[in-house]
Amino acid sequence: MIRVDQLGKRYMHKTVLQAVTFHVDKGEFFGVIGPNGSGKSTLVQIMSGLIRGDEGTVAIDGKNIERYSRKELARILAVLEQETLPPVGFQVREVLEMGRFPYQNWLGEEREDAGALVDEIVSLLELEDLQHRTLDRLSGGEKQRVALGKALVQKPRILLLDEPTTYLDIGYQIQLMDIVRSWQRTTGVTVVAVLHDLNLASLYCDRLLLLNQGRQVETGRPDDILQSGLIEDVYGTRPIVLEHPVHHLPQIMLRAGE
């Protein structure tokens, strides 16, 4: 569904991405991991059409992303970034309704009433008691649920997540990732997620792309990527890797320096 081929990006004289090549299958939960400054967010920005790469291509369904109009892209993919909400004066339901913009005409109208869809997302994200509350009256975790809801109301075939669990406590992290995975399995949406937490990446992603200093280190299943030696080479610390007792997936334990 998504094919990235020899993708490169530079800012001034600094290379941010170099010859990155991978594919994401339809319905896959694909994770992008790597240290700070490895080019993860830049990759998502190029994949979303927000910025252009300097070399290589990104294609969706065999069509170069640069050949899609902005509105066509918005009907195909949605992006959840760390800071994506409008000014604080808007109510939660108003923000969710903004996700329907790609389907509206210049008068802000669309052919079918999207109220039922908004109601479905409100229920899914447990926002019933918050839907008429303004954004300034929400906690960080509640705001992130609203931002996710706005993306889901867009009904994308591809959902791009740029560090969606940053600033969330562990309870909200699991809640948000569970919602995304449930939605993915129900609708068949393709998910590409930039994640800092390697344990979350292992639990939720089918495959992982490991970046370091703009270069593609390895692509594979969590078992293939989350190896002590490989993590040490990229992150500069050698962790203990154990099998999760319930999910039987690799989990990282850090060791304090001596």
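Just after helix α5, Lys 155 takes a positive phi of about 55 degrees. The structure is a predicted model, so every value here is computed. Lys 155 sits in the loop between α5 and β7. Most residues other than glycine have a negative phi. Lys 155 is not a glycine, yet its phi is positive. Is this residue buried, partly exposed or exposed? Lys 155 is partly exposed, with a relative accessible area of 48%.

His 248 is another case. Its phi is also positive, at about 55 degrees, although His 248 is not a glycine. His 248 lies in the loop between β11 (240-243) and β12 (250-253). At 48% relative accessibility, His 248 counts as partly exposed.

**Helix α5**

Now for the helix that precedes Lys 155. Helix α5 covers residues 140-153. Does its length fit what its residue count predicts, or what span should it have? At 1.5 Å a residue, the 14 residues of α5 should span 20 Å. The end C-alpha atoms of α5 are 20 Å apart, which agrees.

How many of the 14 residues of α5 are buried? Eleven are, so α5 is largely enclosed by the rest of the structure. Among the buried residues are Gly 141, Glu 142, Gln 144 and Arg 145. Val 146, Ala 147, Leu 148 and Gly 149 are buried too. Ala 151, Leu 152 and Val 153 complete the set.

Which elements do these residues pack against? Two strands take part: β6 (77-80) and β7 (158-162). Three helices do as well: α3 (92-97), α4 (115-124) and α6.

**Two helix partners**

Two packed helices are described by the angle between their axes and the distance between the axes. Take α6 as a partner of α5. Helix α6 covers residues 170-187. The two pack at an angle of about 15 degrees, with their axes 10 Å apart. An angle under 35 degrees counts as roughly parallel, and α5 and α6 are therefore roughly parallel to each other. Their crossing is right-handed.

From α5, the contact uses Gly 141, Glu 142, Gln 144, Arg 145, Leu 148 and Leu 152. From α6, it uses Tyr 172, Gln 175, Leu 176, Ile 179, Val 180 and Trp 183. By class, the residues of this contact divide into seven nonpolar, three polar and two charged.

Helix α4 is another partner. The axes of α4 and α5 come within 10 Å and cross at roughly 145 degrees. This crossing is right-handed. Leu 117, Val 118, Ile 121 and Leu 124 of α4 meet Gly 149, Leu 152 and Val 153 of α5. The contact of α4 with α5 has six nonpolar residues, one polar residue and no charged ones.

Leu 152 appears in the α5 contact with α6, and Leu 152 also appears in the contact with α4.

**Three small residues elsewhere**

The table gives the place and accessibility of three more residues.

| Residue | Place | Relative accessible area and class |
|---|---|---|
| Gly 39 | loop between β3 (29-33) and α1 (40-47) | 7%, buried |
| Gly 62 | loop between β4 (55-60) and β5 (63-64) | 73%, exposed |
| Ala 201 | helix α7 (residues 198-204) | 0%, buried |Gly 39 is buried. Leaving aside neighbours within four places in sequence, Gly 39 is in contact with Val 16, Leu 17 and Leu 211. The C-alpha atoms of Gly 39 and Gln 213 are separated by 6.8 Å, and the two residues are 174 residues apart along the chain.

Gly 62 is exposed. How far apart in space are Gly 62 and Leu 7? They are 16 Å apart, C-alpha to C-alpha, and 55 residues apart in sequence.

Ala 201 is buried. Which residues does Ala 201 touch, not counting those up to four places away in sequence? They are Ile 33, Leu 195 and Leu 208. Ala 201 and Leu 117 are 84 residues apart along the chain, and their C-alpha atoms are separated by 29 Å. Leu 117 is one of the α4 residues that meet α5.

Key
Residues numbered from 1 in each chain as written. Predicted model: local features only at pLDDT ≥ 70, side-chain atom pairs only at ≥ 80, totals over all residues. Heavy atoms only, no water. Axes fitted to C-alpha atoms, helices over the stretch in contact; angles between N-to-C directions. Helix = DSSP H or I, 4+ residues; strand = E, 2+ residues; numbered from the N terminus. Parallel < 35°, antiparallel > 145°, perpendicular 65-115°, else oblique. Left-handed = near helix turned anticlockwise from the far one by under 90°. Contact = heavy atoms within 4.5 Å. Nonpolar A, V, L, I, M, F, W, Y, C, P; charged D, E, K, R; others polar. Expected span 1.5 Å × (residues − 1). Buried < 20%, exposed > 50% of the residue type's maximum accessible area, 1.4 Å probe, protein only.
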